[in-house]
Amino acid sequence: TPTLRLILGDQLNYNHSWFDTIDNTITYVMMEVRTETDYATHHIQKVVGFFAAMRQFADWLQLKNHKVLYIKINDSNNLQSFESNLNTIIKQENIAHFEYQLPDEYRLDCVLKNFSSSLSISNEVFDTEHFFSTRNELGAFFEGKKTFIMESFYRTMRKKHDIMMEGNNPITGQWNYDSDNRKKLPKDHRATTPLLFSSDVALIAEEISKTTIQTIGKIDAKNFIWPINRDQSLELLQFFIAECLPLFGSYQDAMSPGQWSLYHSRLSFSLNTKMISPLEVVNEAIRAWQHNPELIAYNQLEGFVRQIIGWREYMRGIYWLKMPEYAKLNFFNHQEKLPDWFWTGKTKMNCLKDAITQSLEYAYAHHIQRLMITGNFALLAGIDPDEVDQWYLGIYIDALDWVEITNTRGMSQFADGGIVGTKPYVSSAAYMDKMSHYCGSCFYNKAKKTGEKACPFNSLYWNFYDKHKDKLSQNPRIGMMYNVWNKMKPEDKTVLLEQADYYLKNINSL
Ligand code: FAD
């Protein structure tokens with residue numbers, strides 16, 4: 001039967017069983033369409049990165065003698081949506097059967113379900129063969145439970161997939177090494193220089209510039225830094241294991257001006273596009289530890305494995321359990337707009353300037369910058385989670401709805417009221433100073449709560465707790481903060497709240 005198989009831009013799984021056999025009756029189709037470039041204002045590196053990786057994947061398929069139809073963004077026959085292009089191809093090629101892989105995004109899942117049911121030809125859906133868990137596994141695991149503790153899901157994943165286990169127990173007798181990890185970077189410590197690729201993607205950048213697609217951020221299209229195929233992804237993995245894994249856990253929460261990726265893997269783009277699999281990433285890390293436990297201590301390894309088979313799978317499970325409602329949750333009823341400098345980096349707050357500037361430059365910030373710098377600020381400033389989501393969904397090379405929204409709306413903005421996290425991730429300048437070297441050279445004074453040059457995080461922090469006492473004071477993990485707040489002199493409270501009010505009213509000039 002003449003069969004059409006759709007491959008989405010984040011389904012570049014070189015090891016998928018679809019490609020095991022060459023079959024001339026099967027046509028693979030891939031397409032660059034405006035529905036995908038326009039659902040958010042993406043970073044230019046993100047659009048270029050996806051198109052480049054897709055084109056390389058199509059070339060690889062063709063080299064393997066698979067039959068491939070590739071529709072480029074400016075092709076005259078491109079109807080700019082999956083359904084329209086698919087309908088045309090099905091007619092033109094006399095297709096009698098349609099197949100696709102489960103999309104990771106709720107929106108596309110609906111699109112393709114509707115499309116399939118509208119077809120008069122037969123159709124079938126396949127797994128992407130990428131994740132450790134199925135879409136609904138987390139939902140089944142927590143069935144009947146009110147809380148969704150990541151740690152218990154993580155342990156179950158470890159057991160089920162026999163990862164660093166001895167029978168039913170963790171290999172070292174200990175599950176969690178968080179207390180050994182998360183150190184501040186020593187002063188003057190320079191982390192390894194990141195491995196950057198230098199692919200020439202100028203042609204794609206030029207094609208995009210000929211369209212009306214809106215983008216943000218910068219690109220050096222002659223020297224594109226992100227991996228765009230499986231070989232580069234594997235090279236980045238090997239670089240990470242040799243150069244970064246030995247200190248990954250120790251400094252996973254550290255921040256330092258100008259050091260934009262520290263010991264992080266920057267594998268999220270390769271993983272989210274499926275150019276590499278979480279299984280091989282985890283296996284390689286474990287192998288390296290087994291081979292050289294002096295170089296890679298177990299706490300570093302565990303810290304990394306936890307991100308991949310813990311957090312990543314957990315977020316995906318939450319997404320499928322809670323969508324589509326999740327995308328609308330706004331627990332605090334926050335309504336404000338993001339300040340303009342989120343698109344320029346032009347703020348006097350050193351930490352935000354650094355995190356935003358590097359995001360515009362590289363389409364990347366590491367986890368703790370996303371959570372405790374930009375996310376923390378947005379939450380303290382009462383920004384509408386829709387705005388926050390759009391920003392994160394656009395700016396990062398790895399941003400795909402399933403993992404962006406659960407992290408942003410859930411973990412970072414607490415807009416889900418505590419599904420993903422047990423309390424909001426907010427902090428004053430004290431945390432920034434504890435974990436980073438930002439404060440020393442900042443325009444603002446980390447130690448001041450009010451008055452000239454007081455760090456905005458300090459007053460906004462107390463303002464946040466004061467504003468949301470109805471919703472938060474009963475939370476056992478936060479009660480202590482309210483004890484501190486309640487003991488403050490009323491006049492001190494007033495000055496603090498006035499300071500916060502002043503900053504919020506002048507948010508664009510912070
Ligand atoms: P590393 O620090 O090297 O971690 C290794 C891998 O673990 C990552 O590649 C990633 O696959 C996985 N991982 C780590 N933390 C998480 C997490 N919280 N959730 C899911 N996977 C995780 N991640 C995305 O992939 N896409 C997003 O759009 C995204 N948006 C985020 C928005 C906010 C507000 C926050 C706080 C986090 C977000 N994350 C997102 C999670 C995390 O920050 C990124 O996965 C990570 O920074 C990617 O860089 P890395 O590959 O160097 O990660």
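How far apart do the C-alpha centres of domain 1 and domain 3 lie? The answer is 39 Å. Keep both domains in mind during this tour of a predicted model.

**Stop 1: the whole chain**

Show the full chain as a cartoon. It holds 20 helices and 9 strands. The radius of gyration is 24 Å, close to the 24 Å that the globule rule gives for 510 residues, so the chain is as compact as a globular protein of that length. Along the principal axes, the C-alpha atoms fill a box of roughly 80 × 55 × 50 Å. Buried residues make up 46% of the 510. Now consider the contacts with a separation of 6 or more: 76% of them join residues 24 or more positions apart.

**Stop 2: the domains**

Colour by domain. Select 3–126 for domain 1, 137–200 + 229–322 for domain 2, and 340–509 for domain 3. Then look at where domain 1 touches domain 3. The contact takes 12 residues from domain 1 and 10 residues from domain 3.

Stay on the domain 1 side. Select strand S3 (42–43), helix H2 (44–63) and helix H4 (106–118); each supplies at least two residues of the side that touches domain 3. H2 gives the largest share, 3 residues. By class, this side of domain 1 has 2 nonpolar, 5 polar and 5 charged residues.

**Stop 3: the ligand**

Centre the view on the ligand. Which residues come nearest? Select His-264, Ser-265, Gln-307, His-367 and Glu-404, the nearest of the 27 residues around the ligand. Next, pick out the elements that give two or more residues to this shell: helix H9 (268–272), helix H11 (298–322), helix H13 (367–380) and helix H15 (401–412). H15 gives the most, with 6 residues.

Colour the shell by residue class. It divides into 11 nonpolar, 11 polar and 5 charged residues. Switch back to the domain colours. Domain 2 and domain 3 each provide at least three residues of the shell.

**Stop 4: helix H15**

Select 401–412. How many residues of H15 are buried? The count is 12 of its 12 residues, so this helix is mostly covered. Among the buried residues are Asp-401, Trp-402, Glu-404, Arg-409 and Ser-412. Glu-404 has already appeared, as one of the residues that come nearest to the ligand.

Now show what covers the buried residues of H15. The cover includes H4, H9, H11, H13 and helix H14 (385–395). H4 was met at Stop 2, on the side of domain 1 that touches domain 3. Move on past the end of H15 to Phe-414. Its phi is positive, near 55°.

**Stop 5: Cys-351**

Select Cys-351. It sits in helix H12 (residues 350–362). Is Cys-351 buried or exposed? Cys-351 is buried, because 29 other C-beta atoms lie within 10 Å and 20 or more are enough to count.

Which residues does Cys-351 contact, leaving aside its neighbours within four places in sequence? Show Ile-373, Met-432, Ser-436 and Tyr-438. Ile-373 falls within the range of H13 (367–380).

Last, add Cys-110 to the selection. Cys-110 and Cys-351 are 241 residues apart along the chain. Draw a distance between their C-alpha atoms: the separation is 39 Å.

Terms used
Residues numbered from 1 in each chain as written. Predicted model: local features only at pLDDT ≥ 70, side-chain atom pairs only at ≥ 80, totals over all residues. Helix = DSSP H or I, 4+ residues; strand = E, 2+ residues; numbered from the N terminus. Contact = placed C-beta atoms within 7 Å. Rg over C-alpha atoms; globule rule 2.2 N^0.38 Å. Near = placed C-beta within 6 Å. Nonpolar A, V, L, I, M, F, W, Y, C, P; charged D, E, K, R; others polar. Domains from an automatic or database assignment.
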